[in-house]
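Me: I should like a close look at the aromatic rings of this protein and at their surroundings. Please treat the matter in one connected account.

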Amino acid sequence: MDLHKHAPAAAPRTSELRASDADRDRVADMLREALAEGRLTADEHAERVEGVLAAKTVGELDVFVRDLPAAHRGRETTAPAPHRPTAGAIPAEPDENVVAVFSSAVRKGRWRANRRIHAYAVFGSVEIDLSEAVFEYQQVVIKAFSVFGSVEVRVPENVSVRGAGGSVLGSFEVHTLDSSEAEAPVIYVDGWAVLGSVEARPKRGKVVADILDRVHRRVEKGLRKHV
């Protein structure tokens, strides 16, 4: 018996994974920051951005920022968000339902994100925009069901996002995110799309401000210890 023939294939290294649009946007943001700080010339920035757009894997993207400080921030202490919510953290019943039947429903602006939100789009559209929401809980579950309709979820750039769902003659697409901040909210998008669509992705330029405030306070406290 040939054991090598039946051995499971080794999991690909992170650098070999296919790059997503969110990965390219993240690297492009680092390059834009480096240009503003004077670390790159305009020609260097343009050349690297062109390479980022053509990159196929995460490893190819890392080449363009490995000599920049922004690429190494938080790597030593950041742990990836869990793929499922912590047991007991999310109620079994929804705190809020967003329903659109032959119509549209929108939740956006400054609003408090509940722990469990159910979205139903039947011959209609639902938009859940969390880019300016107030997160009272670190873990938020959005159950999305689309039948001949669409559910769109927009999140800040500095949160973690996980997705698990499927589609029948439709599309279910969740852009996975890993925040560099351990205290960042984790948003889980589950559900089904039947002859419809469910999509979750970050909204460029939007961040959860209170996370940044906590980080700044922690840094200042650490600096005071060494003064």
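To begin with one residue: is Phe 123 buried, partly exposed or exposed?

Reply: Phe 123 is partly exposed, because its relative accessibility is 41%, a value between the 20% and 50% cut-offs. The model in which this is computed is a predicted one.

The setting of this residue is best described through its ring. The structure contains 3 aromatic pairs. One of them joins Tyr 120 and Phe 145, whose ring centres lie 5.4 Å apart; the planes make an angle of 15°, so the pair is stacked. Tyr 120 belongs to strand S4 (residues 116–122) and Phe 145 to strand S7 (residues 139–147), so that the pair links distant parts of the chain, 25 residues apart. Both partners are partly exposed: Tyr 120 has a relative accessibility of 31%, and Phe 145 has a relative accessible area of 28%.

Phe 123 itself pairs with Phe 148. Their ring centres are 4.8 Å apart and their planes stand at 5°, which makes this pair stacked because the angle is under 30 degrees. Here too the pair links distant parts of the chain, 25 residues apart: Phe 123 lies in the loop between S4 and strand S5 (125–129), and Phe 148 in the loop between S7 and strand S8 (150–155). Phe 148 is likewise partly exposed, at 42% relative accessibility. Together with Phe 102, Phe 123 and Phe 148 form one aromatic cluster.

A further ring has a charged neighbour: the charged end of Arg 115 sits over the ring of Tyr 137, at 5.0 Å from its centre.

The strands that carry or flank these rings also supply the largest nonpolar core. This core has 31 residues, of which Val 126 and Leu 130 touch the most other members. Elements giving two or more residues to the core include S4, S5, S7 and S8, and also strand S1 (96–101) and strand S11 (186–194). Val 126 touches Tyr 120, the ring partner of Phe 145. Other contacts of Val 126, leaving aside residues up to four places away in sequence, include Val 98, Ala 100, Ala 119, Ala 121 and Val 151. Apart from this core lies another, of 14 residues, among them Met 30, Leu 61, Val 65 and Leu 68.

Definitions and conventions:
Residues numbered from 1 in each chain as written. Predicted model: local features only at pLDDT ≥ 70, side-chain atom pairs only at ≥ 80, totals over all residues. Heavy atoms only, no water. Phe/Tyr/Trp six-rings, centres within 6.5 Å; stacked < 30°, edge-to-face > 60°. Helix = DSSP H or I, 4+ residues; strand = E, 2+ residues; numbered from the N terminus. Buried < 20%, exposed > 50% of the residue type's maximum accessible area, 1.4 Å probe, protein only. Lys NZ or Arg CZ within 6 Å of the ring centre and 35° of its normal. Core = buried A, V, L, I, M, F, W, Y, C linked by side-chain atoms within 4.5 Å. Contact = heavy atoms within 4.5 Å.
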